[in-house]
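Morning, everyone. I have one structure to walk through today, so let's put it on the screen.

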Amino acid sequence: MNSREFSRRDFLSLLSGAGFAAFAQSISRAWQLEALDNPLAHYPDRKWEDVYRDLWRFDESFTFTCAPNDTHNCLLRAYVRSGVIVRIGPTMRYGEAEDLDGRRTTHRWDPRICQKGLALPRRFYGDRRITQCMVREGFKRWYDAGFPRGADGRPPAEYFQRGRDNWLRMSHEEAATIVAAALRNIAETYSGENGKRLLTAQGYDPVTIEATQGAGTQVLKFRGGMPLLGITRVFGLYRFANSLALLDAAIRKVPPEKALGGRGFDNYSWHTDLPPGHPMVTGQQTVEFDLSAVEHCKTLIVWGMNWITTKMPDAHWLTEARLKGVRVVVIACEYSATASKGDEVIVVRPGTTPALALGLAHVIVKNKLYDSDYIKQWTDLPLLVRMDTLQRLRARDVFGEPPSQLSNATKVLASGEKAPPPGRQVEMLIPEKLREEWDDSVWWDAENGVPRPTTRDQVGKFSNINNALLEGTVQVKLRDGTVVTCRPIFDLIRDSLLHFDPKTVEKITWAPAEAVEALARHIAAEPGTTLFAMGMGPNQFFNNDNKDRTVFLVAALTGNVGRLGGNVGSYAGNYRVALFNGAPQYINEDPFNIELDPEKPAAVRQYWKPESAHYYNHEDRPLRVGKRLLPGKTHIPTPTKSLWFANANSILGNVKWHYNTVVNVLPKIEMICVNEWWWSGSCEWADVVFGVDSWAELKHPDMTASVTNPFLSVFPRTPLKRIFHTLGDIEVFALVATQLAKLTGDTRFEDYWKFVREGRTDVYLQRVLDASSNTRGYKFTELEEKARQGIPVLLQSLTTPKVVCYEQVTDSRPWYTKTGRLEFYREEPEFIEAGENLPVHREPVDSTFYEPNIIVAAPHEAIRPAKPEDYGVEPTDLTCEVRCGRNVVLPWHVAEKSRHPLLAEGYRFIFHTPKYRHGAHTTPIDTDMIAILFGPFGDIYRHDKRAPFVAEGYVDINPADAKELGIEDGDYVWVDGDPEDRPFRGWQQNSRDYQFARLLCRARYYPGTPRGVTRMWFNMYGATPGSQEGQRTRADGLAKNPRTNYQAMFRSGSHQSATRGWLKPTWMTDSLVRKEIFGQSISTGFAPDIHCPTGAPREAIVKITRAEPGGLNGQGLWRVAQLGLRPTYESPTLRRYLAGEFVRIETPNRSS
Amino acid sequence: MLKLRLPLTLLVGAAVIVGGCRRHAVAPPPQEIQALLVKELPTDPTDSVWRQTRELRIPLLLQDLVEPRLLQPSTSYVAVRALYDGRRFAFRLEWEDATENADPGIATFSDACAVQLPQKVEAVLPAPQMGEKGHPVEITLWKAVWKKGPLLEKGIQAVYPNAAVDHYPFQAASLVPGATAQQEMALRYSPARRLGNDVASVPEKGAQDIMAEGPGTITPLQKNSQAQAVRTAQGWAVVIVRDPPAGFSPDSGTHVAFAIWDGAHQETGSRKMRSAWVPLHIVQN
Amino acid sequence: MAIVYNWQLGRTMSYWYPESRPQRQYAAVFDLNKCIACQSCTLACKTTWTSGKGQEYMLWNNVETKPYGSYPLAWETKLLEMLGPQTWQDGKYLGRTIFEAAPAGERVLGWRPDDYDYAFPNTGEDDCAGHVERGLALDLPHAVWFFYLPRICNHCTYPACLAACPRGSIYKRPEDGIVLLDQGRCRGYRECVKACPYKKVFFNPLTGTSEKCIFCFPKREQGLQPQCFVNCIGKIRLAGYISVPESANPDNPIDYLVHVRKVALPLLPQLGLEPNVYYIPPVHVPVRFLEQLFGPHVQNAIQTYLNAKDDPDLAGLIQLFGCTEKIVPRWKRQNDWILGIEEDGTEIVRVPLREPVFERPLFDERFQVARHNCP
């Protein structure tokens, strides 16, 4: 029979309801009495098959872009039946992506999608979808009452019962009116001297009050979450912050040049995705390579990165490279998912990456296996450092010459000389003043025993360093006659490396000494052929900059920086907004001089100020240790009185130290606005929630790009009718601006968003394309048309795949550093003070069994940090704040005898919280079909009513550890962090909040994690007062807020119950030299997402105690364990199965 | 074949009698079902009129004629009473079953019973196990699980009360509940229901009519049989009201067979306890 | 009972119905070395076919972590226990199949899961065999290990579900060998649920019928690969048509991998169903365990795979997986390119052994702008 014929015939009959019924009839009367002879051969009537053919059919399809900050930005196809998106699929057209010159990718890029994207319809239509605007009842009353305040300026607490209040539904216009009024009221309240007085009365740190410069707009904070994910849609909040200079000008009556906009929080660094040591070595944000580059290496080291779970659409590049012979080495703190794809696996102690890297460097240096040409041409290792000042020896002090003229891809800007816009910059731009300060460097000619200068231009093939002294000490006579002792940086490092022999490294890191030795030799054997894919594991520890500097050291010693098949990459977040370095055209358009001609570029002027969100997370306090204020002045935050964010749950709902934030920080904030389309934990704690379009409903196009793939991706406008009463994010900003215009009478607020209201958002997008280095030449309308067909285009970056530092090595161009070389020595005072002028290993700040945060090193001539006494604190003071600025140096044989202060009290487990395959951050793990597959406790039918959802949070623990604690597999357990301030400061006196803040979860026996190391996935939604109310009041016991439908996946607490806001001094210097975020200009100090705090959210030492049995409704063993199917509970059958005893293979040569 | 079969069924009947005699020394029990002629038929198993009828305890046999067979005996007999109003029969089946199995579920099985009659009065009785080619039987089925009502309409919480499901495509907000498009969408995601498969619905009158011409040939019938059940102290009492065979005359009577499924023993389909053909005659007070 | 030939066993065996092979058998190869357990296949199937009421728990396609994962719980160990240890000799199966081991009154040796056995569908996720005490270093094969096993209906040549159905509601399509369960005729006896050793037939408690994977036949009829294949971002799957060994065609990608290179092996062949999904075994797992699941040829398959670095045909063909939605009946290698082609020779898709690298001039004269890798 021809089944296609069937489907065609049926196609017509099915279109009418009648046909539908008739069809059913015809089938139900089908042959029945005929008994079958052989169904393998024949089946009488197959017309019934049409029910499945019909289920497959769809009316139409369209494309949209899914971009939950996982770096993939997949263009997906939505299939529509009767106006409903019934399913999602890949476009299968990535293989047709081209660049401006018609060069094409291949279909090996298809398909691009994942289970989370496939589940999206459940979020477009599900019951946590935000269907309009929600305003918290108390907040509305505060507004209606005219924003009453107490003597110190604080609003009465009665209006701020966040998390427990009722919600009012209203239109976007009403909500926008309220928000505009509140913004103005808060800005007015905290402006001028009176504003400062109130902030002082409220107890803010004086330096943070000073930082406002008396402008109330400076306490208004905005965050477009990971703005690269929406150049206009998400970045729009920074544009909005810029427009608030108009408000400041009106309130303080200042001229434009004195006006200040709002403050914008960072993103990449806030997420602890920034590897802070990258700029310390290379002078720019981050080094990485598109993941497809693994096709071109010989060895791939996947280090603290769970590639196959977090880079899923690009996992095949790894498995296919391996198939073709690339040796895959996986370094992890457990037998991870990615370990199962490794040819070699090394399991280490968490937080010891710097020590492991130093161990590799030790082997390479001791056995002289390093690539000496590379280090002489590309690194600062041959350069001399003065032992008196610990500064790099300046050529001028020796030879008296002025700094050389720089011409290698570099331009020195005379003071006052204006740089071209970022996207039009060709060479590196260095301010004259900095150039003077850096001067040229000196190396020691070993052959002739004389010092020689080398300039910043002289890198790569231009390098003049050949017979440089690498090891030893020299006396150098300065021009003024003084003789100073100098040592090459190589020698200082070699000296410090002596401490990290493989045996010692095994003790520190748990990596077998032989494995360390063998890996080092393997990497060194073929210089320039190893790719280091560094993940978030090591980066989310306090010693993350140590990690970067030591790993780069290993890479540089083996010629593995800046090559297609030999490079370092750091993978987390999609951050490089500079891929659109013309973005200021949109973000920073001058609100006092708005360009209303769609054909013309905008006039740019930045009035808003960036700030690290880590200070907000740190209770709006900078780090003070004793008498020392540690953050540099370029880093100082202002008090946070209003917070408005979009496209993110990480700044509140899933914020690190979440429960401290909601209990101790939120009460000081007077308005929290969230743009969302799914009711997240952030919405639970907000005052105003603007319901916005889902990706499938965008009516304003947008664009994004990625740091892991070469595509420039567009969010096309979609034909789908809005499912609910939502607006685009960008329309919400425009709406609030309109209300501000009404309030202030200043129409510029409105003009600022003119093209949005006209449905011409593409005007802003085209301005950005035209102004950006790697997109100039593309027409947005053409990109959108291609996107509608499911085809992206390629970024016009220097190479495809992108390989950062490629131009340095290939064209012999300087790095963005003082010396133009990869710098392993940091001469700045902050680094010397911290004892980190050399690449060192610090123990984790909390996740260690030993004394936290100590520098592990033998006595060293160049390591002379400021001691606790120097700050006026007790050397023994290990409280969390003091610990951050504590510089104590101990050799390992002493350190290994030290103990974490809480160890004796039963806090003996490292508790780390990595990301996993079932969520991109917290998206979309509370979706039923995703959740049931997230870990071992999924049950869509919820046989056990205790389960907060159809799946729930759990902690992975080594079975032997669990047994010691009397914990069975699947039991509920309490997990407690440092009682000093976790889950929140003051929990001892606040049982009301402690009830939902303390972490209660399942325990899973996990034989792949070492003893003493526990893990909880990062992604799940935490408990709130509302979710607990749901568990108490709902018949089905779901942890679902009856007021909001918020669905928690914990009975109480979350993976953020044990985390904290940690601040490290070396993240907060004023003197680090680094490239600006956009373009080629070089400057110093604070830069958002480049040089600022990253926190250490993967650190916590915890105590674990049994709470309840895991069996059904609290009776006995969890079923799977009871059935003998779990590790250590194996039934005899499972034991035979594990041993492979169910078959015998007999062959002449082998009998098993 | 035919010759062989008739005596066979009689033999089986005979076995019953003998067995019966051994158990009760008193008045010999009836060897047949006596359907009492009444004005109207009750559907309630507790109706007093049943007391006027005579009960016949019919031993049940393992269904071990065709695979899959039942190998472990469960229900040993069914006690049957019958009424006739000149138009239809009412059978009252009562049997012992310690466990009530009426809950729907992935792995639960329902208690059930069935009454089987020849489709038409003919000289030759169809094979007792589901009839045979050319000699169809009609079967009226009752299942305990039906008392839960229409499950598809009630949704999964009728089976698993704590289940949490985010979304069904046919419940999307952009569809008008009850509109054709919405109903079609719903039907599309339930193939068995859409195909009109009678197992996907609950019969209005509590009974399902089917016919068969041998194992594996069950075909739904559109008839008007009724059933009503009560849970007794020991088990179930079920009344099934249905038509007699075509061409039935009160004087000549007919044959009836019964089947009982015990859900607790995962009995379903051909895994059941069944009776042989039992003669039925109409009697009057 | 009839006597049929099962090439995977290298012998004849008894089966409820006489041997009758379809004109073409739709089949698949899964490379377990590429599977990342992302569950995209699971969701692709679920959102397409089982989003209805009573289907919430059903995963026609699931991915489980071996050795501790199983959905439904203990699906394979329970049966292996019932069957007991069995022997292969020189590639021939000397043991009993589930048809041969069927007890009296049954057509197949089987068991029926409890409803709670379908809970915890991803239990054992990433749980390894062996125990990590402290730090360690591993080489191949790993002393501590797990691997991912994606499973769909095997559309067997000798389906146990079909044999067990007293109603005759399950049949094999002559044109492609896809095994279907007639939703109009099924009466929900669940004999198929009991008989299928892979437990890939599921009972819908709301409709009262059993339901199973349809190998996306409506897509196959349009020349397209199934949902769980097209959405597989690990690019581990290839669908096509398999021949019997004696008529294997090396230009047919499935034949090439299964019959010619013998790198892809059936799942639990000893049960006797001649399943038609073939797995490339994971190279990091101890062979002895794998032989239990994939039969006596595991060692050779692993060696062949480890040699793929010097084997552009094999490596290239495996890289062709997932590059097109179309069914690829033929393939060939042209130097550094692998081509997927139609029966009639027309090209469907071509992919390179290595993805090309593009380098652009630092300064783009055409658009007067610098192109940076670090903009």
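I'll go through the contact between two chains, then one chain by itself, then some salt bridges.

Before anything else, remember that this is a predicted model. Keep that in mind throughout.

Let's begin where chain A meets chain B. How many residues take part in the contact? Chain A puts in 43 residues, and chain B puts in 36 residues. The area buried between the two chains is about 3200 Å². Carbon and sulfur atoms give 61% of that area. Why quote an area at all? The size of an interface is often given as the accessible area lost when the parts come together.

Now the polar side. Between chain A and chain B there are three salt bridges. In one salt bridge, the side chain of B:R194 meets that of A:D54, at 2.6 Å from N to O. The two chains also have seven residue pairs in polar contact, counting pairs with both residues at pLDDT 80 or more.

Which parts of chain A supply at least two residues each to the side that touches chain B? They are α1, α2, α3, β3 and α5. Of the elements in chain A, α2 gives the most, with six residues. By class, this side of chain A has 24 nonpolar, nine polar and 10 charged residues.

Next, chain B by itself. Chain B has 285 residues, and 56% of them count as buried. Its secondary structure comes to four helices and 14 strands. Take the contacts in chain B with a separation of 6 or more: 67% of them join residues 24 or more positions apart.

How confident is the predictor here? The average pLDDT of chain B is 89, and 89% of its residues score at least 70. But look at residues 1-25 of chain B, where pLDDT stays under 50. Where pLDDT is low, the predicted coordinates should not be read in detail.

On to salt bridges. Over all chains, the whole structure has 160 salt bridges. I'll pick three from chain A.

First pick: A:D127 with A:K1040, with the closest N and O atoms 2.4 Å apart. A:D127 sits in the loop between α5 and β4, and A:K1040 in the loop between α41 and β38, so this pair ties together parts 913 residues apart in sequence. Are the two partners buried or exposed? A:D127 is partly exposed, at 33% relative accessible area. A:K1040 is buried, at 8%.

Second pick: A:D971 with A:R1106, at 2.5 Å between the closest N and O atoms. A:D971 lies in the loop between α39 and β35, while A:R1106 lies in strand β40, so the pair links parts 135 residues apart in sequence. A:D971 is buried, with a relative accessible area of 0%. A:R1106 is partly exposed, at 39%.

Third pick: A:D144 with A:K140, at 3.1 Å. These two are four residues apart in helix α6, so about one helical turn separates them. An α-helix has 3.6 residues a turn, so residues three or four places apart point the same way.

Salt bridges also form a network with residues from chains A and C, including A:R46, A:D50, C:R173 and C:E221. A:R46 comes up again with C:P174, which touches A:R46 and A:A41, among others. C:P174 is in the loop between β9 and β10 of chain C. At 24% relative accessibility, C:P174 counts as partly exposed.

That's my tour. Questions, please.

How values were computed. Residues are numbered from 1 along each chain as its sequence is written. Chains are lettered from A and ligands numbered from 1 in the order in which they are written. Side-chain values use heavy atoms; hydrogens and water are left out. Contact means heavy atoms within 4.5 Å. Buried area is the accessible area (1.4 Å probe) that two parts lose on being put together, summed over both. A salt bridge is a side-chain nitrogen of Lys or Arg within 4 Å of a carboxyl oxygen of Asp or Glu. A polar contact is a pair of N or O atoms within 3.5 Å; within protein, one must be able to donate a hydrogen and the other to accept it, and residues adjacent in sequence count only if both atoms are side-chain atoms. Ala, Val, Leu, Ile, Met, Phe, Trp, Tyr, Cys and Pro count as nonpolar, Asp, Glu, Lys and Arg as charged, and the others, Gly among them, as polar. pLDDT is the predictor's confidence in each residue, from 0 to 100. Buried means under 20% relative accessible area, exposed over 50%, partly exposed in between (1.4 Å probe, protein chains only).
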